[in-house]
Amino acid sequence: MEGISMFRRQWLLATCASLALAGCATYTDVGSSNVAATTGTETAVLSGEAQIADLIQRMSLERKVAQLVQPDIASITPADVEKYRFGSVLNGGNSGPNGNDLAPAQEWLALADAFWEASTKPLPNGEPAIPTIWGTDAVHGHANIPGATIFPHNIGLGATGDPDLIRRIGAATATEIEVTGIDWTFAPTVAVARDDRWGRTYESYSEDPEIVAAMGVAMVEGLQGKPGSADFLGEGRVIATAKHFFGDGGTEQGVDQGDVNGDIEDLKAVHVSPYPPAIEAGLGSVMASFNSINGQKMHGNKALLTDLLRGEMGFDGLVVGDWNGHGQIKGCTNTDCPQALLAGLDVYMVPEDWKGLYETLVKQVRDGTIPMARVDEAVARVLRIKQRAGILDGEVKPSLRANAGRWDKLGFAPHRAVAREAVAKSMVLLKNNGVLPLKENARITVAGSAADSIAQQSGGWTLTWQGGGELTNDDFPGATSILRGLFEVGLSVNAKVTLSPDGTASADEADVAIVVFGEEPYAEFVGDRKDLAFRDEEGLALLRKFKAEGIPTVAVFLSGRPMWVNRELNIADAFVAAWLPGSEGAGVADVLFGKAPASGRLSFSWPADCNGKPLNGPDGALFPVGSGRDLTDTSALATLSEECSALTAGGQSDWFAAGRLIEGVRALSKGTELPDLRGSAGGVVARGIDRNAQEDARLIQFGPGTALDLSGPQGAGGYRITYSVNQRPAGPVVLASGGSTLDVTQELSVAEGKGWREMVLTPNCLAKLSNSLTIRSDAPFAIQISSIAREQMDDDAGCSF
């Protein structure tokens, strides 16, 4: 084809396109920018949009719908992919090849081959066989894979203030993704976290949208390359996803998947602003957010997914849903939701219920519920991103591609060097009485259970969804704990570093003590908090113990957000916010020993008190955005208040605890008592279930139009209820107290499948809160409850779920 003139090429394209519409074209393969087509005696090449249009014209409805359905690898086999020809698959945070989320990299690549081979087997009747692509949550390195480089989470990267570093991290991550044959990452998160109680705060670069925008663009460019460059979506690059569009960081009280409310233009100014620059940088995909905007779920919001994202912002990539996010739309289920496609979603992320959704979508296109034009539009977007990534180019199977199977590039030394640099640049020094930098020849005692825990220093989304758990350092080959990093760097300056797990040391044995402590790993809603008080006192006790021995101390605090740690700040001689540094703990040691400057600066406001209310700016901040010391700044930090109402909350009276109703508390349904919240009455059935001990909780099942009435001794304060919902309500659920009512259907729907949560009810949502509380359900519904208490709360305390 190289010898064909441009005029001749255009003529052949036009001829071929017209003949294809008449069903006269035959193809040898799906091609990409160069697809061979024969039209009698002539051969033409289809490229760009012509290729996409032709492929769609030759696809059956079933194959088109399959392009829009994305199952999880834990619920499908290569045989399923061969039968249905899904356009993409994903691995969730706890999914791995052969049911093993700790499977070695070789098994990931083998499964990528199996899916590709299944999707590319020839189809009858000349229908094109289109390769599937695989998406993964490589949110801080390819951290699902044992041995991969794990970079600091975004909150730490935001503190570096270094977009070029972020580009290098993106490029390193893309290469390691390619090693395992995967094409697509669900990163970067460009949420602007505005309430640090949110369990995903660490996935945000900053509370400042400008910082988020700059870092988001850098990560997109690192993952994909720059548009127009020779390597854009080429070797060493993968498809990027900006998420979650939009408002995920702005929910009321930081409740994950909750409500975002306010003037739409004001919300856009904060939460949409990172997206246009990312789109300009060639962004391949956008993930729709779980949350609602002014009461409407984003997965079903056409005004925002289509009119705003497509019309105003000009995004031409694909929009992928989040984990069953379409099922949260009013009137939808996981297997039945035409509303999402009609609103602008292109790919349904439906991990387990894929077959039911697939069948429903096919029926809904056939009966006209979904126009074929909308299906074709969504399929075109899927094909377009595959085309740009070379997936339609007759590309070989994953194991034969660039970087695939290069196990030496997984945890590659140059990548680890970039990660170590990022760790050092993310450290924010908040206090230093002169104990830092650590001296040569110093005797250093290290304490704290987090000091030698790579799992804790890496946080959530690391090997498993929640991270931590049963993971040990052996699960992180090639990684370096903070303790090991201190040993290694200390050796270079003749420092003697010893571990004292329980803090046993005297001034005669140690010149300085380093205490490493912080939050346990978590991800998403599991990390939601009601306040920002740091409660674990292991680090505080160790700091006090060393203080009593006259040993200067350095506090190294691991966390996914700024927290109220005034007690620790007061007692420590130096305090470092280390965030969640990942696999290269030596980067922490580089700063403590002065091998690298303390250049990190806060990208989030640090709270002066513990209540956790949104803090975005200097008012009420102990340390505002931009704060941080260099190692020469030894100015004194004023003594901080250690009062925290969240730690000393009084006036609590249990109503239901340890599997029984407290004396004076009654549970009734239609006037019939349920003694000890057990039995059946008025269409309500309550039975004992095990949470932490035998029958210490209750499963309460409501029939249609039934209610449970709870009442107790006269008192003041709000209600705190620990509960769990396995399946969303099928109809309205309303709470009532003292004549006030509150519809909680949406809140309980959001709680579906998220385990045990706390519901806090105050006069802010039930104005006439009294010593009686009614739960009423219009349809069959079940809720698990492990505790109910009345509790004194601040006058302005908000309700939360």
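These are my notebook entries on one helix, a few strands and a pocket.

**Entry 1: the model.** A reminder to myself before I start: this is a predicted model.

**Entry 2: helix α15.** I began with α15, which covers residues 413-426. Does its length fit its residue count, and what span should I expect? At 1.5 Å a residue, the 14 residues should span 20 Å, and the end C-alpha atoms are 20 Å apart, so the two agree.

Next I asked which residues of α15 are buried. I found H415, R416, V418, A419, A422, V423, A424 and S426 on that list. I kept one rule in mind while reading it: residues three or four places apart on an α-helix point the same way, because there are 3.6 residues a turn.

Then I looked up what those buried residues pack against. Their partners include three helices, α6 (154-160), α7 (163-179) and α20 (586-592). The strands β15 (428-432) and β20 (574-579) are packing partners as well.

**Entry 3: strands around β30.** I moved on to β30, residues 706-711. It runs antiparallel to β25 (residues 666-669), and three bridges join the two. On that side I can place R666 of β25 opposite S711. β30 also pairs with β35 (residues 772-777), again antiparallel, through six bridges. Here A707 stands opposite R776 in β35.

**Entry 4: a three-stranded sheet.** What is the strand order in this open sheet? I noted β9-β11-β12, with mixed pairing. β9 (259-260) and β12 stand at the edges with a single partner strand each, so one side of each has no neighbour in the sheet. I also checked β11 (residues 292-293) against β12: they run antiparallel and are joined by two bridges. I293 faces Q296 of β12 across that pairing, standing opposite it.

**Entry 5: the second largest pocket.** β12 turned up again here, so I followed it into the pocket lining. Both β12 (296-297) and α21 (745-750) supply at least two residues of the lining. Which element gives the largest share? That is α21, with three residues.

The second largest pocket holds about 560 Å³ of space. I counted on the listing for its lining: 23 residues, with I329, K330, G331, R728 and S749 lying nearest the centre. What is the make-up of the lining by class? I wrote down 13 polar, five nonpolar and five charged residues.

How values were computed: Residues numbered from 1 in each chain as written. Predicted model: local features only at pLDDT ≥ 70, side-chain atom pairs only at ≥ 80, totals over all residues. Heavy atoms only, no water. Helix = DSSP H or I, 4+ residues; strand = E, 2+ residues; numbered from the N terminus. Expected span 1.5 Å × (residues − 1). Buried < 20%, exposed > 50% of the residue type's maximum accessible area, 1.4 Å probe, protein only. Contact = heavy atoms within 4.5 Å. Pairing = 2+ DSSP bridges. 1 Å grid on protein atoms, 1.4 Å probe; cavity = no way out; pocket = protein on both sides within 12 Å on 5 of 7 lines; lining within 4 Å. Points joined across faces, edges and corners; volume = space filled by probe spheres on them. Nonpolar A, V, L, I, M, F, W, Y, C, P; charged D, E, K, R; others polar.
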